[in-house]
Amino acid sequence: MEIKHVMVIGAGQMGGGIAQVCAQAGFDVTLNDISEEAYEKGLGVISKNLSRGVEKSRMTEEDKNAALGRIRKSTDLSDAKDADLIIEAAVEKMEIKQSIFRQLDEHAAEHAILSTNTSALPITEIAAVTKRPGQVIGMHFMNPVPVMKLVEIIRGLATTDETYQAVEDMTKKLSKTPVEVNDYPGFVSNRVLMPMINEAIFTLYEGVATKEAIDDVMKLGMNHPMGPLQLADFIGLDTCLYIMEVLHDGFGDPKYRPCPLLRKYVNAGWLGKKSGRGFYVYE
Ligand code: CAA
């Protein structure tokens with residue numbers, strides 16, 4: 001099956017980034033959010049990112065306008081009828097995702113693939129509310145989407161080879177590298193990344209070193225582009241906590257217990273860069 005038209009649900013940081021890379025790669029894109037305001041905000045970020053690409057000579061003004069011209073507005077999930085592939089990037093709550101998937105299943109064309117950008121929720125459980133579990137799959141993009149090369153493609157229990165192949169081919173057209181994984185808590189990315197971040201928070205909590213020292217060890221010693229505490233702020237501490245809880249609940253293994261300091265910061269509303277304060281303070 002050839003994918004030509006992509007619908008992205010959610011115009012936030014992840015959904016906006018996904019819509020941008022799809023439009024740049026020549027796909028027709030329907031970008032959906034619950035309000036016009038949310039859509040306009042998302043489109044504004046995409047336009048700014050593309051303008052920066054023009055300034056940096058990565059693309060021409062014509063390329064930018066062509067990409068923007070391929071994106072159309074939607075505030076209604078029934079617009080899914082036109083899409084070959086739908087990529088859901090709404091909030092990370094199972095009830096909300098299942099409700100969206102029920103509606104998408106009703107409106108989308110019979111051949112359409114329904115995918116989710118979830119960072120940790122089980123694909124199989126999302127697929128189970130649809131009548132097409134063979135055509136449901138995870139497409140986990142990394143933040144910032146326009147920069148990061150990986151798309152972790154997650155097969156649910158019922159995902160067919162045909163669905164997997166269509167999504168892998170499409171990911172390559174985005175100039176990204178697809179990696180195939182199976183549906184277990186945290187997949188591969190967050191099963192490896194989040195315990196590292198959580199352990200960095202434990203070293204801070206236990207007074208082993210300052211936040212700057214912990215980040216310097218990992219940046220200068222391991223060549224990570226960001227230290228784990230800075231990266232946690234960038235991802236969002238609420239997201240980090242929720243992923244640790246998914247790992248803890250999913251495996252029942254105490255090695256995944258979230259650090260009490262992480263919980264405390266989230267309860268205080270210190271969510272990282274997006275709230276202006278996490279481990280570091282942002283102006
Ligand atoms: N959107 C688009 N482009 C962006 C961007 C964004 N949000 N942020 C940075 N960039 C671009 C910049 O424009 C810049 O491009 P130019 O060189 O053309 O100017 C380039 O990226 C590098 O940016 P900077 O020079 O400002 O800063 P940097 O060298 O520190 O790079 C970074 C920034 C790419 C974010 C880098 O710090 C990095 O790779 N950090 C780690 C990111 C990471 O680990 N992401 C995964 C998070 S986990 C996840 O997403 C999944 C999950 O489920 C939680």
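Hi everyone, let me start with the ligand. The shell around the ligand takes at least three residues from domain 1 (5-182), and at least three from domain 2 (190-275) as well. Please keep in mind that this is a predicted model.

Who is in that shell? There are 18 residues around the ligand, and the ones that come nearest are R52, R58, H140, N143 and N190. By character, the shell residues split into 10 nonpolar, five polar and three charged.

Now for some individual contacts. From R52, a polar side-chain atom sits 2.7 Å from an oxygen atom of the ligand. N190 also brings a polar side-chain atom to a ligand oxygen, here at 2.8 Å. For K56, an N or O atom in the side chain is 3.1 Å from an oxygen atom of the ligand. As for cover, the ligand on its own has 1000 Å² of accessible area, and the protein covers 64% of that. Which elements give two or more residues to the shell? Those are α2 (36-55), α7 (189-205) and α9 (228-235).

Let's move on to the strands, beginning with β4, residues 85-88. From β4, L85 and I87 point one way while I86 and E88 point the other way, and all of them are buried. Yes, that includes E88.

What does β4 pair with? Strand β1 (residues 5-9) runs parallel to β4, and four bridges join the two. If you want one pair to find on screen, take M7, whose bridge partner in β4 is I86. β4 is also joined to β5 by four bridges, again in a parallel arrangement. There, I86 has L114 as its bridge partner in β5, and L85 has I113. So I86 turns up twice, as the partner of M7 and with L114 as its own partner in β5. β5 itself, residues 113-116, is covered on both faces. I113 and S115 lie on one side, L114 and T116 on the other, and all four residues are buried.

One last stop, and it's an arginine. R132 lies in the loop between α5 (123-127) and β6 (136-141). Is R132 buried or exposed? With a relative accessible area of 9%, R132 counts as buried, because the cut-off for buried is under 20%. What does its side chain meet there? A polar atom of the R132 side chain lies 2.8 Å from the backbone oxygen of A109.

That's my tour, thanks for listening!

How values were computed. Residues are numbered from 1 along each chain as its sequence is written. This is a predicted model: local features need pLDDT of at least 70, side-chain atom pairs count only at pLDDT 80 or more; totals for chains, interfaces and linings use all residues. Side-chain values use heavy atoms; hydrogens and water are left out. A residue is near a molecule or strand if one of its heavy atoms lies within 4 Å of it. A polar contact is a pair of N or O atoms within 3.5 Å; within protein, one must be able to donate a hydrogen and the other to accept it, and residues adjacent in sequence count only if both atoms are side-chain atoms. Accessible areas come from the Shrake-Rupley method with a 1.4 Å probe; for residues, only the protein chains shown count as cover. Ala, Val, Leu, Ile, Met, Phe, Trp, Tyr, Cys and Pro count as nonpolar, Asp, Glu, Lys and Arg as charged, and the others, Gly among them, as polar. Domain bounds come from an automatic or database domain assignment. Buried means under 20% relative accessible area, exposed over 50%, partly exposed in between (1.4 Å probe, protein chains only). Two strands pair if DSSP finds at least two bridges between them.
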